Amino acid sequence: MARALRSHRGAATGVGSHAISYTFTSPAGCVYSASISVVVQPIPSSQLILGGPLEFCRGDSVLLSGLQQSGVDYSWLRNGIPLPGSSSRSLVVAEGGIYRLRTAFATGCADTSAEVVVVVYDLPALTVRQPAPVCAPQAVNLSDTGLYSGNLVGIQLSYWVDSLS
């Protein structure tokens with residue numbers, strides 16, 4: 001009866017082709033030897049490069065990129081769902097969500113990046129009204145609440161004057 005075989009761990013020997021020899025000895029002392037070749041394929045890197053802040057206002061975007069690697073297929077996921085047509089190593093992101101990059105070699109060896117959370121804030125929903133014209137030396141009160149309306153909770157009002165000639 002042959003002894004139980006131990007598994008070959010690719011991580012223990014590294015990427016490449018490895019010759020493995022086995023010797024089986026029966027209780028009666030009969031010996032059988034065999035050799036095999038084990039190929040350990042590399043896994044592509046799924047490291048992400050962030051091209052800016054991950055929190056921004058609607059209308060802005062951030063560039064997410066993977067490392068440039070030869071022979072690698074790239075695909076992007078948003079909230080765990082593959083993004084159609086996203087097969088380049090870079091992705092311009094303008095929508096909030098959880099993004100991941102999947103990299104794969106033709107051999108089937110693949111990796112998926114850590115999650116990147118992108119937060120997109122809505123712009124303030126305000127309406128600004130044109131003030132009525134005034135005669136000099138009268139002034140227009142730019143902080144008059146009648147000039148703007150909308151959800152003002154947490155909004156900071158800034159204004160500046162540009163002289164028109």
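1. Let's start with strand E12, which spans residues 126-128 and is where you'll find Leu126. Keep in mind as you read that this is a predicted model. Leu126 has a relative accessible area of 35%, so it counts as partly exposed. Leu126 also belongs to a nonpolar patch on the surface, together with Leu152 and Ile155. Taken together, the accessible area of these three residues comes to about 210 Å².

2. Now for the aromatics. How many aromatic pairs does the structure hold? There are two. One is Tyr22 with Phe24, a stacked pair with 6.2 Å centre to centre and 20 degrees between the planes. The other joins Phe24 to Tyr32: the ring centres are 6.0 Å apart and the planes sit at 25 degrees, so this pair is stacked because the angle is under 30 degrees. Put the pairs together and you get a cluster of Tyr22, Phe24 and Tyr32.

3. Staying with that cluster, is Phe24 buried or exposed? Phe24 is buried, because its relative accessibility is 18% and the cut-off for buried is under 20%. Tyr32 is exposed, since its relative accessible area is 53% and exposed means over 50%. So the Phe24 and Tyr32 pair brings together a buried ring residue and an exposed one.

4. Next, the largest nonpolar core, which has 14 residues. Which of them touch the most other members? They are Val62, Leu64, Trp76, Val93, Tyr99 and Val118. Several strands give two or more residues to this core: E5 (62-66), E6 (72-78), E8 (90-93), E9 (97-105) and E11.

5. Leu64 deserves a point of its own. Setting aside neighbours within four places in sequence, Leu64 is in contact with a list of residues that includes Trp76, Val93 and Tyr99, and these three are also named among the core members that touch the most others. The contacts of Leu64 also include Ile49, Leu50, Leu54, Ser90, Leu91 and Val116, along with Arg89.

6. Last, have a look at Ser113. Where does Ser113 sit? Its place is in the loop between strand E10 (110-112) and strand E11 (116-121). Ser113 counts as buried because its relative accessibility is 2%, against a cut-off of under 20%. Apart from neighbours within four places in sequence, Ser113 is in contact with Ser46, Leu48, Arg100 and Leu101.

Technical notes: Residues are numbered from 1 along each chain as its sequence is written. This is a predicted model: local features need pLDDT of at least 70, side-chain atom pairs count only at pLDDT 80 or more; totals for chains, interfaces and linings use all residues. Side-chain values use heavy atoms; hydrogens and water are left out. Rings of Phe, Tyr and Trp (its six-membered ring) pair if their centres lie within 6.5 Å; planes under 30 degrees apart count as stacked, over 60 as edge-to-face and the rest as tilted. Buried means under 20% relative accessible area, exposed over 50%, partly exposed in between (1.4 Å probe, protein chains only). Patches are made of residues with over 30% relative accessible area and no salt bridge: like charges are joined within 9 Å, nonpolar side chains (Val, Leu, Ile, Met, Phe, Trp, Tyr) within 5 Å. Accessible areas come from the Shrake-Rupley method with a 1.4 Å probe; for residues, only the protein chains shown count as cover. A salt bridge is a side-chain nitrogen of Lys or Arg within 4 Å of a carboxyl oxygen of Asp or Glu. Helices (H or I, at least four residues) and strands (E, at least two) are DSSP runs, numbered from the N terminus. Contact means heavy atoms within 4.5 Å. A nonpolar core is a set of buried Ala, Val, Leu, Ile, Met, Phe, Trp, Tyr and Cys residues joined through side-chain atoms within 4.5 Å.
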